[in-house]
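Open the model in your viewer with the sequence panel beside it, and keep a selection box ready. The tour below moves from the whole chain to individual strands, loops and side chains.

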Amino acid sequence: MLTPLFRTLIRVGLPLTAAFVGAMIYFSQQDNRDALRLWLVDIRNEIQTRPEFMVKLMAIDGAGTSVAEDIREITPIDFPVSSFDLDLDNMRATIAELPAVRDVSIRVRPGGVLQVDVVERVPAILWRDADGVALLDEHGFYVRQAGARADHAELPLIAGDGADRAVPEALALFRAAGPLRTRLRGLVRIGERRWDLVLDRGQRILLPENQPVQALERVIALHQAQDVMARDLAMVDMRIGSRPTIRMNEAAVEQWWQINKIGFKD
């Protein structure tokens, strides 16, 4: 009984055992367990609702008026709210699903402000489809409906099935159009494989499926050398690179035949 181990068991082990047994007896009663649970909930609520943990408002930066309204609509929050009750990851995922949002970050700022920083998609091209005219970014992601074509006259226009999936190539063609850009009306996707370049006066440049930019550059070089596109042409067909084809308008063909008839008579 005088050994250190025995004395430690008497001094420490016996009180702990008695406390454990007492706790088991006490919490064997449902009312006692409920009372403890409520006490812990009250303590948790008291901590979480302290002023330094309360969020009073939402601030949205980097978003336009319509996008900011959409964000507030899809993330309804009844302020003030405890920061512990906010699922920031879920909110970020929800906002990122908006078509016009390229990236978003969310944090709770000192002073009780829920800060939402948005990077919007920048419209780079117009896409005309059965539903109207839509704004797409440089990668072909949908931004929003455009309303009228005239509202975005500075943006190039594409049309046709699958045109939205080839926006980078379309933008490369617009950049390569050079001296023809002022006459350019748009690009039409044909068979989801290749492009037709549509100019004013009803002229078209039919581009091949492979290396369309290089084919367009050949047409521009020919135009700069011989002013080809200023003539009365209906179409320049570059689909077969080794054998480009030029089709004249009917009026030009008729005039050519008349000239030849006169020449034959002479």
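Among contacts in the chain between residues at least 6 apart in sequence, what percentage join residues at least 24 apart? The share is 43%, where contact means heavy atoms within 4.5 Å. This is a predicted model, in which local features need pLDDT of at least 70 and side-chain atom pairs count only at pLDDT 80 or more, while totals for chains, interfaces and linings use all residues. Residues are numbered from 1 along each chain as its sequence is written, and side-chain values use heavy atoms, with hydrogens and water left out.

**The whole chain**

Colour the chain by secondary structure, and seven helices and 14 strands can be picked out; helices (H or I, at least four residues) and strands (E, at least two) are DSSP runs, numbered from the N terminus. Of the 266 residues, 33% count as buried, a word that stands for under 20% relative accessible area, with exposed over 50% and partly exposed in between (1.4 Å probe, protein chains only).

**Strands S2, S4 and S5**

Select residues 113-120, which form strand S5, and add residues 57-61, strand S2: the two run parallel and are joined by five bridges. Two strands are said to pair if DSSP finds at least two bridges between them. To find the register, look at Ala-59, whose bridge partner in S5 is Gln-115. Next add strand S4, residues 101-109, which pairs with S5 in the antiparallel sense over eight bridges, with Val-108 standing opposite Leu-114. The hairpin of S4 and S5 has three residues between the strands, and Gly-111 there takes a positive phi near 100°.

**Strands S6, S7 and S8**

Move on to strand S7 (132-136) and its partner S6 (125-129), which pair in the antiparallel sense over five bridges and form a hairpin with two residues between them. Asp-129 has Gly-132 in S7 as its bridge partner. Why is S7 described as largely enclosed by the rest of the structure? The description holds because four of the five residues of S7 are buried.

On to S8: three bridges join S7 to S8 in an antiparallel arrangement, and Leu-136 stands opposite Tyr-142. The S7 and S8 hairpin has five residues between its strands, among them Gly-140 with a positive phi near 90°. Now show the side chains of Arg-121 and Phe-141: the charged end of Arg-121 sits over the ring of Phe-141, 4.3 Å from its centre. A charge sits over a ring if NZ of Lys or CZ of Arg is within 6 Å of the ring centre and within 35 degrees of the ring normal.

**Leu-155 and helix H5**

Select Leu-155, in the loop between strand S8 (142-145) and strand S9 (157-159). Leu-155 counts as buried because its relative accessibility is 12%. Draw a distance from its C-alpha to that of Leu-126, and the two are 6.4 Å apart in space although 29 residues apart in sequence. Leaving aside neighbours within four places in sequence, the contacts of Leu-155 include Pro-123, Ile-125, Leu-135 and Arg-149.

Then select helix H5, residues 167-176, and show its buried residues, which are Val-167, Ala-170, Leu-171, Leu-173, Phe-174 and Ala-176. These residues pack against S6, S7, S9, strand S10 (184-190), S11 and H6. Just after the helix comes Gly-178, whose phi is positive, near 50°.

**Gln-203 and strand S13**

Select Gln-203, in the loop between strand S11 (194-199) and S12. Gln-203 counts as buried because its relative accessibility is 1%. A polar atom of the Gln-203 side chain lies 3.3 Å from the backbone oxygen of Met-229. Among the residues that Gln-203 contacts, beyond its neighbours within four places in sequence, are Arg-183, Leu-197, Arg-231 and Leu-233.

Finish at strand S13, residues 233-237, where five of five residues are buried. Three bridges join strand S12 (residues 204-206) to S13, and the two run parallel; Leu-206 stands opposite Asp-237. On its other pairing, S13 meets strand S14 (residues 245-248) in the antiparallel sense over four bridges, and there Asp-237 stands opposite Thr-245.

Technical notes: Polar contact = N/O pair within 3.5 Å; in protein donor to acceptor, adjacent residues only side chain to side chain.
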